[in-house]
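Please open the model in your viewer and keep the selection tool at hand. The tour below proceeds from one selection to the next.

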Amino acid sequence: MHEEIIHTNNTSKEKQNYTMLELGSTPAYGWPAFKQVVKRSLSRELFVGLWLTIKEMGKTLFLGGKHTTQYPFEKLPISPRYRAIHNMLRLLESGHYRCIGCGLCEKICISNCIAMETRYDENQRKEVSEYTINFGRCIYCGYCAEVCPELAIVHGGRYETASEQRASFSLFDDMLTPIDVLKQQQEFAGFGSVSPNADAAIKKTPLAY
Amino acid sequence: MDALVIGTIIKVVLVLLVVSALAGFGTYIERKVLAFMQRRLGPAHVGPFGLLQIAADGIKLFTKEDIIPQNANKFIFSLAPVITAATAFIALSAVPLFPTFIIPESLPLIGGAIVPSVIADVNIGILFVLGMMAAGLYGPLLAGMAQANKWGILGSARTAIQFLSYEVVTGLSVLAPIMLVGSLSLIDFNNAQIGGVGSWIIWQQPIAFVLFLIAGFAETNRTPFDLLEHEAEIISGYVTEYSGLRWGMFFIGEYSNMFTISILAAVIFCGGYGDIGFIPGWLALLLKVVFFFFLMLWVRASWPHIRPDQLMWLCWKVLMPLAVINIVITGIVVMI
């Protein structure tokens, strides 16, 4: 199994070292077949199986070994790289939305699903008067979040997007962080960031091959 | 009216009600045990611990549309589930379930009635029970052939195969205990083992016990012999076209048969309802039946099922000779 295999030419069978498994021989006639049955019946194999299942039952019942995630009530954490329904973030200091109306996300959107209108407000600053994302067209590519100079539009983790109306998620105010939960606004970790449970999920890489 | 007659009627009603309820409860237990053995939860949302799942299933089965396929033989199609359910309950009529008890005189109407341990103490008890359970196989056989469905036909063919295979082993394996006890009545079997754990027939007839259990698994259509309706191979076999209440009757019949086989194994080999030390007889029988029922679920979770040809091979070439040898040895010992 551990012999070095030289992959110079995959089509030439001579250079590959296949390892055959020891499967034994299949008995062809009565007496060896009978002996095989006796061996298998009396060699504890059946009881090993029984022991395994009763052990798992004990673990499940008493040691909390259940693997079930009761989905609508419990959810598994998703990666920060996951690209679901967008969030519009606010400035932490003033609470004003971060979007400066530059229009880069609208320009870069490859499925043309972002529509925005801007105007100058009384301080001669850009103000976003209309901002919608057509989620029937959005392919969640993440270009809008990547191009945004202010980290104003990011992808959130809201992946349950069944709704009675198409417009349910798509208005600017729906995506904007509510002002009362501004303290809990999560900063976007950025593309390529690792999961919060990355350290726990890491495993030793088998190097044998 | 005669006290015994009233008692017998009470017993009949009790058995019908309790065993039908137990069949439903059996499905719940089966789902829970299988779930735990596979690290799942099983039914958990309907009622406390998912217990009302039985009621939910019952409502679902009762309110489903009753469908009879166009080309099916309608009479036999409707008759087959009744055969399975009825024979399962008729078989229970000769099985001792609990010790005989007398209803106290203080109760009105039924006071003083003697409720017998067995509904009908026929002197050929074992033959009757095994014969009735064998007749129950007409249910799957006719159901599969009447529904004009190729999977159903395959299911019936497998029913015939299974029937021909295990029935010999069942008969021969109980023959040795019958020779020891010298009676076919299950009451006599129970009374022969009344002297505590040491007098159980299982110690004298371990091979017969194992053979009987194996044949019982085949008789009740349980894994590893669940050939009749193995989903991965023949969709649902003989119940492919069945739904709703008719399907439910097959189900009740199957679970009643599981209880019957469990009780038979307990009464013939493991002392029946005799007291074990401080454990009263009715509780002892209940514990034994629960153990055998659990064994069926346990085996289902652990072992793969076998092919029809392997079942025939096993029954005819291994188990039957073993049973015959066992009978010969028992006969010699009894003669000496």
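Begin by selecting chain B of this predicted model. A compact globule of 336 residues would have a radius of gyration near 20 Å; chain B has 21 Å, so the two values agree. Aligned along the principal axes, the C-alpha atoms of chain B fill a box of roughly 60 × 55 × 45 Å.

Next, colour chain B by secondary structure: 13 helices and two strands should appear. Of the 336 residues in this chain, 43% are buried. Among contacts in chain B with a separation of 6 or more, 79% join residues 24 or more positions apart.

Now turn to the interior. The largest nonpolar core comprises 84 residues, and B:Val95 and B:Val129 have the most contacts inside it. Select helix 11 of chain B, residues 244–269, which supplies the largest share of this core with 15 residues. Then centre the view on B:Val95. Beyond its neighbours within four places in sequence, B:Val95 is in contact with B:Val118, B:Val129, B:Leu186, B:Thr260, B:Ile263 and B:Leu264. A second core, separate from that one, holds 15 residues; select A:Met88, A:Leu89, A:Cys99 and A:Cys144, which are among them.

Finally, display both chains and select the residues where they touch. Chain A contributes 14 residues to the contact and chain B contributes ten residues. On the side of chain A, helix 2 (residues 45–62) provides the largest share, nine residues. By class, that side of chain A has six nonpolar, six polar and two charged residues.

Notes:
Residues are numbered from 1 along each chain as its sequence is written. Chains are lettered from A and ligands numbered from 1 in the order in which they are written. This is a predicted model: local features need pLDDT of at least 70, side-chain atom pairs count only at pLDDT 80 or more; totals for chains, interfaces and linings use all residues. A nonpolar core is a set of buried Ala, Val, Leu, Ile, Met, Phe, Trp, Tyr and Cys residues joined through C-beta atoms within 7 Å. A residue is buried if 20 or more other C-beta atoms lie within 10 Å of its own, exposed if 12 or fewer, and partly exposed in between; C-beta atoms are placed from the backbone. Helices (H or I, at least four residues) and strands (E, at least two) are DSSP runs, numbered from the N terminus. Two residues are in contact if their C-beta atoms, placed from the backbone, lie within 7 Å. The radius of gyration is taken over C-alpha atoms; the globule rule is 2.2 Å times the number of residues to the power 0.38. Ala, Val, Leu, Ile, Met, Phe, Trp, Tyr, Cys and Pro count as nonpolar, Asp, Glu, Lys and Arg as charged, and the others, Gly among them, as polar.
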